[in-house]
Amino acid sequence: MNADREFHTHSPEETIAVGRGFTQDLEAGQMIVLRGGLGAGKTTLVKGIAEGFAAAPQEDVTSPTFTLVHEYRGPVVTLFHIDLYRIDTERELSTLGIDDLRAEPGSILLVEWGEKFEQITAQSDGEISIARTGENDRRITYRSRQGVGR
């Protein structure tokens, strides 16, 4: 697994393509924090990851802002796309059962707004940061924390 990588995209389609490429970096049992402001493209990136793992076509991947967790089952892994934007307390966080989701065989957790909670960042296996650098331009940075949290 590569420890640090950076990509520059100029369209949602390119961001999705970068997401597809993350299938080479991600593996079952991992929890990855997705960082980026509102509208940065976190869900767009997840569309590519889900498609790359054959867990869902990109048009079926939507933001879990209101449902908090979306599940996409593929032949090799199950992606749990989790959004903590509306979660404000440790108590609310505990009701999501993140440890149970992570323990499920073949699971990969992609957690938006995970940086709000120290325990999530401490237990994560890495992070993908997305920064807007223009109207459709994004800088995507992947940082692995090999061996952490496993």
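This passage describes the strands, helices, cores and largest pocket of a predicted model.

Helix 2 is a good place to start. It spans residues 42-52. Of its 11 residues, 8 are buried, so helix 2 is largely enclosed by the rest of the structure. The buried residues are K42, T43, L45, V46, K47, G48, I49 and A50. They pack against helix 1, strand 2, strand 4, strand 5, strand 6 and strand 7. In an α-helix there are 3.6 residues a turn, so residues three or four places apart point the same way.

Strand 2, residues 31-35, is also well covered. Here 4 of the 5 residues are buried, so strand 2 too is largely enclosed by the rest of the structure. Strand 2 pairs with two other strands. With strand 5 it runs parallel, and 4 bridges join the two. M31 stands opposite L109 of strand 5. With strand 6 it again runs parallel, and 4 bridges join this pair as well. In that pairing, V33 has E127 of strand 6 as its bridge partner.

Strands 3 and 4 are paired in another direction. Strand 3 covers residues 69-73, and strand 4 covers residues 78-83. The two run antiparallel and are joined by 5 bridges. A hairpin of 4 residues links strand 3 to strand 4. R73 of strand 3 faces T78 in strand 4 as its opposite number. In a regular strand, side chains alternate between the two faces of the sheet. Strand 3 shows the alternation along its length. H70 and Y72 point to one face and are buried. V69, E71 and R73 point to the other face and are not buried.

The nonpolar interior comes next. The largest nonpolar core has 23 residues. Those with the most contacts inside this core are F22, L26, L45, I49, L79, L110 and I128. Several elements contribute to it. Strand 2, helix 2, strand 5 (107-112), strand 6 (126-132) and strand 7 (138-144) each supply at least two residues of this core. Helix 2 provides the largest share, 4 residues. L26 illustrates how distant parts of the chain meet. Apart from neighbours within four places in sequence, L26 is in contact with I32, I49, F53, I108, L110 and Y142. A second core is separate and has 16 residues. Among its members are V33, F80, L84 and L109.

The surface was also searched for open space. Rolling a probe the size of a water molecule over the atoms shows where empty space is left. The largest pocket has a volume of about 250 Å³. It is lined by 19 residues, and the closest to its centre are G39, A40, G41, K42 and T43. Two of these residues, K42 and T43, are also among the buried residues of helix 2. Helix 1 (12-21) and helix 2 each supply at least two residues of the lining. Helix 2 gives the most, with 3 residues. By type, the lining divides into 5 nonpolar, 10 polar and 4 charged residues.

Two residues stand out for their backbone angles. Most residues other than glycine have a negative phi. A54 has a positive phi of about 55 degrees, although it is not a glycine. A54 follows helix 2 and sits in the loop between helix 2 and strand 3. L68 is not a glycine either, yet its phi is positive, about 75 degrees. L68 is found in the loop between helix 2 and strand 3. Its relative accessibility is 18%, so L68 counts as buried, the cut-off being under 20%.

Two other residues are exposed. Q24 is in the loop between helix 1 and strand 2. Its relative accessible area is 68%, so Q24 is exposed, since exposed means over 50%. Q24 and F53 are 29 residues apart along the chain, and their C-alpha atoms are separated by 9.8 Å. E13 lies in helix 1. At 56% relative accessibility, E13 counts as exposed. E13 and T62 are 49 residues apart along the chain, with 15 Å between their C-alpha atoms.

Notes: Residues numbered from 1 in each chain as written. Predicted model: local features only at pLDDT ≥ 70, side-chain atom pairs only at ≥ 80, totals over all residues. Heavy atoms only, no water. Buried < 20%, exposed > 50% of the residue type's maximum accessible area, 1.4 Å probe, protein only. Pairing = 2+ DSSP bridges. Core = buried A, V, L, I, M, F, W, Y, C linked by side-chain atoms within 4.5 Å. Contact = heavy atoms within 4.5 Å. 1 Å grid on protein atoms, 1.4 Å probe; cavity = no way out; pocket = protein on both sides within 12 Å on 5 of 7 lines; lining within 4 Å. Points joined across faces, edges and corners; volume = space filled by probe spheres on them. Nonpolar A, V, L, I, M, F, W, Y, C, P; charged D, E, K, R; others polar.
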